[in-house]
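Visitor: Got a minute? I'd like a quick tour of this one.
Guide: Sure. Let's bring it up.

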Amino acid sequence: MLETSRERAVRVLSGEPGVLVFVLPIPPKELSPNARPHYMAKARAVRKYRTLAWAEARLQKVRPGWATAEAQATFYVSTNRRRDRDNLLASLKPAFDGLVDAGVLSDDSGLTHLPVLIVVDADRPRVEVAIRG
């Protein structure tokens, strides 16, 4: 029986060995593909978010350098309004680049993105990125 994308997403987040989870803040609006900020404002936002992801990965002191991996992003948001999952994933591009900089991935071209999950958590909005090599 074939595994659905939802079942695969749940399996990746189930805590099995070989899964690294990185907790990041919600990406700034300048990183949204639909945003039209000044190019320097976007560059600052990209640099800051990429550095945050790099620092989070370095704190875990794990640098497997995976050539291929699966990534599952879970957005914990404060409200239950509709969101475009494709745009949420695209706004995480600097985070994936930061993970490459930290040595978690050898290159992000071998990364398979699983469907984005959205969960309401009004107390602590965040993004959890689970990487399975």
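Visitor: What share of the contacts with a separation of 6 or more is between residues 24 or more positions apart?
Guide: In this predicted model, the share is 86% in the protein chain.

Visitor: OK, secondary structure. How many helices and strands are there?
Guide: Four helices and five strands. Along the sequence they run α-β-α-β-α-α-β-β-β.

Visitor: And how much of the chain is buried?
Guide: Buried residues are 35% of the 133. The accessible surface is about 7900 Å², with 53% of that from carbon and sulfur atoms.

Visitor: Switching to pockets. What volume does the largest pocket have?
Guide: About 360 Å³. There are 16 lining residues, and Ile26, Pro27, Arg81, Arg83 and Leu88 are the closest to the centre.

Visitor: Which elements give two or more residues to that lining?
Guide: Strand E2 (69-77) and helix H3 (85-90).

Visitor: What classes of residue line the largest pocket?
Guide: A mix. Seven are nonpolar, four polar and five charged.

Visitor: How many cavities of 30 Å³ or more does the structure hold?
Guide: One. The largest cavity has a volume of about 30 Å³.

Visitor: Which residues line the largest cavity?
Guide: Phe22, Leu24, Ala53, Ala95, Leu99 and Val129. Strand E1 (19-24) and helix H4 (93-102) each give two or more of the lining residues.

Visitor: And how does that cavity lining divide by class?
Guide: Six nonpolar, no polar and no charged. For the largest pocket, recall, the lining includes five charged residues.

Methods
Residues are numbered from 1 along each chain as its sequence is written. This is a predicted model: local features need pLDDT of at least 70, side-chain atom pairs count only at pLDDT 80 or more; totals for chains, interfaces and linings use all residues. Side-chain values use heavy atoms; hydrogens and water are left out. Buried means under 20% relative accessible area, exposed over 50%, partly exposed in between (1.4 Å probe, protein chains only). Contact means heavy atoms within 4.5 Å. Accessible areas come from the Shrake-Rupley method with a 1.4 Å probe; for residues, only the protein chains shown count as cover. On a 1 Å grid over the protein atoms alone, a cavity is a set of points where a 1.4 Å probe fits but cannot get out, and a pocket is an open set with protein on both sides within 12 Å along at least five of seven lines; lining residues have an atom within 4 Å of a point. Grid points are joined across faces, edges and corners, and a volume is the space filled by probe spheres set on the points. Ala, Val, Leu, Ile, Met, Phe, Trp, Tyr, Cys and Pro count as nonpolar, Asp, Glu, Lys and Arg as charged, and the others, Gly among them, as polar.
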